[in-house]
Amino acid sequence: MSDAKVRGVVHMIEETKTYGQKGFRKRMVVLEQDKGSFTNYVPVEFTRDACDTVDGLKKGDEVEITYRLNGRRWQKDADSEVKFFVNLEALTYQVVGDGPTSSGSANDAFAEAGGEDDDAPF
């Protein structure tokens, strides 16, 4: 079975969190998808060493994330309600474009437009 992919604009990047005595690490990235009449927010979890790869992302980047769908069952005790949770565990990602909040200054844009063969007097 092939892994699934999700595409969206980075809405939020959480700091890495560490859990338990063994130091399990997890970092969530929330993607934003414009669905026309509403905005969809998709939380994707990066775990273990993959947490560090997120340092290269920034809010506003358009990305495609390959993920594995995980689910788990949880019950506090034998008399309590059983609950089920699902999460998307990121395997890899690729930046496919810059969103509306991409960084850069007006000077950067001017330099790109001008070129190096410019006869500008300044």
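V29 stands opposite V44 in strand 4, and that pair of valines is a good place to start a tour of this predicted model. From here we can look at the two strands around strand 4 and its partner, and then at the charged side chains that link parts of the chain.

## A hairpin of two strands

Strand 3 covers residues 24-34, while strand 4 covers residues 39-47. The two run antiparallel to each other and pair over nine bridges. Together they form a hairpin, with four residues between the strands. In that turn you will find G36, whose phi is positive at about 85°.

## Charged pairs that start in strand 3

Side chains of opposite charge can pair when their charged atoms come close. This structure holds nine salt bridges. Among them are three with a partner in strand 3, listed here.

| Salt bridge | N to O distance |
|---|---|
| D52 and R25 | 3.2 Å |
| E45 and K26 | 3.5 Å |
| R27 and D55 | 2.7 Å |

Let us take the pairs one by one.

The side chains of R25 and D52 meet in a salt bridge. D52 belongs to helix 1 (residues 50-53) and R25 to strand 3, so this contact ties together parts that lie 27 residues apart in sequence. D52 is partly exposed, at 42% relative accessibility. R25 is also partly exposed, with a relative accessible area of 22%.

Next comes K26, which forms a salt bridge with E45. E45 sits in strand 4 and K26 in strand 3, so the pair joins parts 19 residues apart in sequence. Are these two residues buried or exposed? E45 is buried, with a relative accessible area of 16%, whereas K26 counts as partly exposed at 25%.

Finally, R27 forms a salt bridge with D55. This pair links distant parts of the chain, 28 residues apart: R27 is in strand 3, and D55 is in the loop between helix 1 and strand 5 (61-74). R27 is buried, its relative accessible area being 9%, while D55 is exposed at 56% relative accessibility.

## A network of three residues

Which residues are linked in a network of salt bridges? They are R48, R68 and E89.

## Looking back

To retrace the tour on the structure, begin at the hairpin of strand 3 and strand 4. Then follow R25 to D52 in helix 1, K26 to E45 in strand 4, and R27 to D55 in the loop after helix 1.

Definitions and conventions. Residues are numbered from 1 along each chain as its sequence is written. This is a predicted model: local features need pLDDT of at least 70, side-chain atom pairs count only at pLDDT 80 or more; totals for chains, interfaces and linings use all residues. Side-chain values use heavy atoms; hydrogens and water are left out. A salt bridge is a side-chain nitrogen of Lys or Arg within 4 Å of a carboxyl oxygen of Asp or Glu. Buried means under 20% relative accessible area, exposed over 50%, partly exposed in between (1.4 Å probe, protein chains only). Two strands pair if DSSP finds at least two bridges between them.
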